[in-house]
Amino acid sequence: MKGSLLKHFTRFFDFFLLFVWKNSISDVYVVVEFIEEILYKPEIIQFNFDEYYAYLDKKYIFIKPQQLLFIVEYTIRVFGRDLKQKLLRKSDEFIRRKISGHDCEFLKEYYNSLVTYSVLTEEEVIEEYFNALKKNVMSTWFRSELFFLYFKMKNVKYDQELNFVKEQLMQNQKLNDFDTHYIFHLALHEETHNASFEFINNLAVFLHQEDKIYQLLSFYDLDHKCRKDFVEKIVEAFSRMGLKFKCKSNNSMLYYFWKNNKNYLMRDFLTYLKLEDVQELTDSPHFNRKSLLEYVYTNENGDYINEAFITSVFRNFGKEHIFEYLSPCSESVNIQQSIRRDLNVCLALGNQIKSEENKETNLIQELVLRILNDKFNWKTNTGNKICFLHSVVSFEFKYVSEIVPSLVYNYLAAENLFLSELRDADENGNTPLHLAASNRNTDFFEHLCKFVKDNKILKDLMVIENNKKQNFLHCFQKSDEMDDSKFFIDFKKLFKDRGEEIHISIENLLFKQDAFKKTPFHDQSCVFFTKFIMLVPKERLDELFSIEDVKKNTLFHTLIINESYAFGTISYFLEKNQSAFTNLKEHLLKTNDEGQSPLNLCKDQKNESLFNYFTNIVTNVP
């Protein structure tokens, strides 16, 4: 074949492939017959099939299973090429793609064609399919049929597979993702294979006898696609065999889920356990020789309340049982721990509630009211400080964020307890304002402005210092989180309407130095600096940037040390305010205890842009 003819043929073949993929499979044979009639086989062999398959890879998204089968058959039958690796790659892609509900039938037909045309032996087909499943288990949610096809091809021996599981668990080896999928589908295969029913029963007996059930279930992590169904199969098998979900230590399975914070497994388990089994496991001493309720009240459990369990109690036993898991002050050694546990009960229940049914909202309201009455009655009767509001503003409420704190704030305001709680300081001297700032609790500041109408009282609360001589503005934690900017904007809006008096008070607090002589600006992010520097009058900027901490670092020093975005923050600020400084050059050359000026620090921090920017200022400013 001459070069020009081969060139035209190559172009024609490209169009042919595209035509084949977009049209009926019957058209393929018409074109192939045409090619065979006008070209000799030796000349066709000169065609570069590496380029052809590269082109096929690029356009693979369009190809249909039947067309790929034809390409397998035709290229081997006509050209006799060694296309083994290319064809195996295609089988791997089809397992990953699973383009239709007929994938398994197609794969079976595809592998049969590989055997028919001697690309692979039957044993190699099984091995190749197994490797393809194993390779893609991380990225694909497999339909059961894909595994079942493998089981049928291999003619799986269930006793051998069970021995493999036993061996892995007895050696305390962690099962990988493929193994966990594999075991699940062996158990599920009972729908089509009677031997699987025996497999799951024998697996249940082994897990019970050898204390391995928690070990096996823990391999099914939160994101595992098969986890819930596998837990259901295991629970069914245990119930069928009359086995109890207890270990040789007499601890229940729920104890290990609770202790190790396996909330998702607890939720799955409780979904399929019978109510009498749940009661037996929780009422009897199966939680480290205690009942669950006794275990909750011990220090061993800390503050943790399992969300799934609380929800199950509510759904299956009613709200009265939830009240049993509250921690009354009269029965608690540590009042702060009692408060945190009770808030955790609210949080645990609230996080699991997805609807807005009145009975569920009312339940949370009733819970909160019980907690508040218990804590504040105890405070009145004993005269002891409880710092309840401290716990609320520090607590990370999620789903119930708008319910529980609002109920607390409204209760405190109605009972005239809000101001006394605001003035209370904990062992570190922190008031709720300090902790709310540390936790960026906009909801708290919103209620603060709502209930504290008197500006004088508000000012008195804001100036309170903790044991480190920090006011609440010092306590905003440095963070790179994206929501910082929104929080500071919301915070400023809340105080904007309180007038000049509050504005000046906040301005003065920004200049206050703590025990380490740091202002609120010294350890903050560029977001804090950008939002709050606008509250400082231009005529006071020289004063602010002259303040030194105990290491003689000025605000220029700390901005460079703390911020990766220092160039953008500082250059933008100086472009707007450079004229406000009486001697900017002096600020940039002032040295700290280590002899470093802001200019030197730029070089040390390898901040070339800021170094050049400062150098230009130092050179050109008189």
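Of the 622 residues in the protein chain of this predicted model, 50% count as buried. The secondary structure of the chain amounts to 37 helices and 0 strands, and among its contacts between residues at least 6 apart in sequence, 72% join residues at least 24 apart.

Confidence should be considered before any detail is read. The mean pLDDT of the protein chain is 78, with 74% of its residues reaching 70 or more. Over residues 38-50, however, the pLDDT is below 50, although this stretch still has 19 contacts in the model beyond near neighbours in sequence. Where pLDDT is low, the predicted coordinates should not be read in detail.

The interior can be entered through the largest nonpolar core, which has 162 residues and in which L203 and F614 touch the most other members. Helix α21, spanning residues 335-352, supplies the largest share of this core, with 8 residues. As for the surroundings of F614, once its neighbours within four places in sequence are left aside, its contacts are F556, I560, I570, L574, L588, P598, L599 and C602.

Aromatic rings give another way to follow the structure, which holds 46 aromatic pairs. In one of these, the rings of F147 and Y182 have centres 6.2 Å apart and planes at 70°, and the pair is therefore edge-to-face. Because F147 lies in helix α9 (residues 144-154) and Y182 in helix α11 (residues 177-188), the pair ties together parts that are 35 residues apart in sequence. Both partners are covered: F147 is buried with a relative accessible area of 0%, and Y182 is buried with a relative accessible area of 6%.

Another edge-to-face pair is formed by F529 and F573, at 5.3 Å centre to centre and with 75° between the planes. Here F529 belongs to helix α31 (residues 526-532) and F573 to helix α34 (residues 566-577), so that this pair ties together parts 44 residues apart in sequence. F529 is buried, its relative accessible area being 2%, and F573 is likewise buried, at 6%.

Returning to Y182, one can ask which residues E161 touches when those up to four places away in sequence are not counted. The contacts of E161 are K154, V156, Y182, L186 and F199, so that Y182, already met as the ring partner of F147, appears again in this list. E161 itself is found in helix α10, which covers residues 158-170. Its relative accessibility is 9%, and since buried means under 20%, E161 counts as buried.

Charged groups also meet aromatic rings in this model. The charged end of R370 sits over the ring of F323, at 3.7 Å from the centre of that ring, while R540 lies over the face of F511, where the distance to the ring centre is 3.7 Å.

Helix α16, made up of residues 263-272, shows how burial can extend along a helix, for it is mostly covered, with 7 of its 10 residues buried. These buried residues are N263, Y264, L265, M266, D268, F269 and L270.

Finally, one region carries a label from a record: in an unreviewed UniProt entry, the annotation "repeat: ANK" covers residues 428-448. In the model, the chain over residues 428-448 is 67% helix and 0% strand, and the C-alpha atoms at its ends are 22 Å apart.

Definitions and conventions: Residues are numbered from 1 along each chain as its sequence is written. This is a predicted model: local features need pLDDT of at least 70, side-chain atom pairs count only at pLDDT 80 or more; totals for chains, interfaces and linings use all residues. Side-chain values use heavy atoms; hydrogens and water are left out. UniProt positions are given in the numbering used here, feature names are shortened, and annotations may be inferred rather than shown by experiment. Helices (H or I, at least four residues) and strands (E, at least two) are DSSP runs, numbered from the N terminus. pLDDT is the predictor's confidence in each residue, from 0 to 100. Contact means heavy atoms within 4.5 Å. A nonpolar core is a set of buried Ala, Val, Leu, Ile, Met, Phe, Trp, Tyr and Cys residues joined through side-chain atoms within 4.5 Å. Buried means under 20% relative accessible area, exposed over 50%, partly exposed in between (1.4 Å probe, protein chains only). Rings of Phe, Tyr and Trp (its six-membered ring) pair if their centres lie within 6.5 Å; planes under 30 degrees apart count as stacked, over 60 as edge-to-face and the rest as tilted. A charge sits over a ring if NZ of Lys or CZ of Arg is within 6 Å of the ring centre and within 35 degrees of the ring normal.
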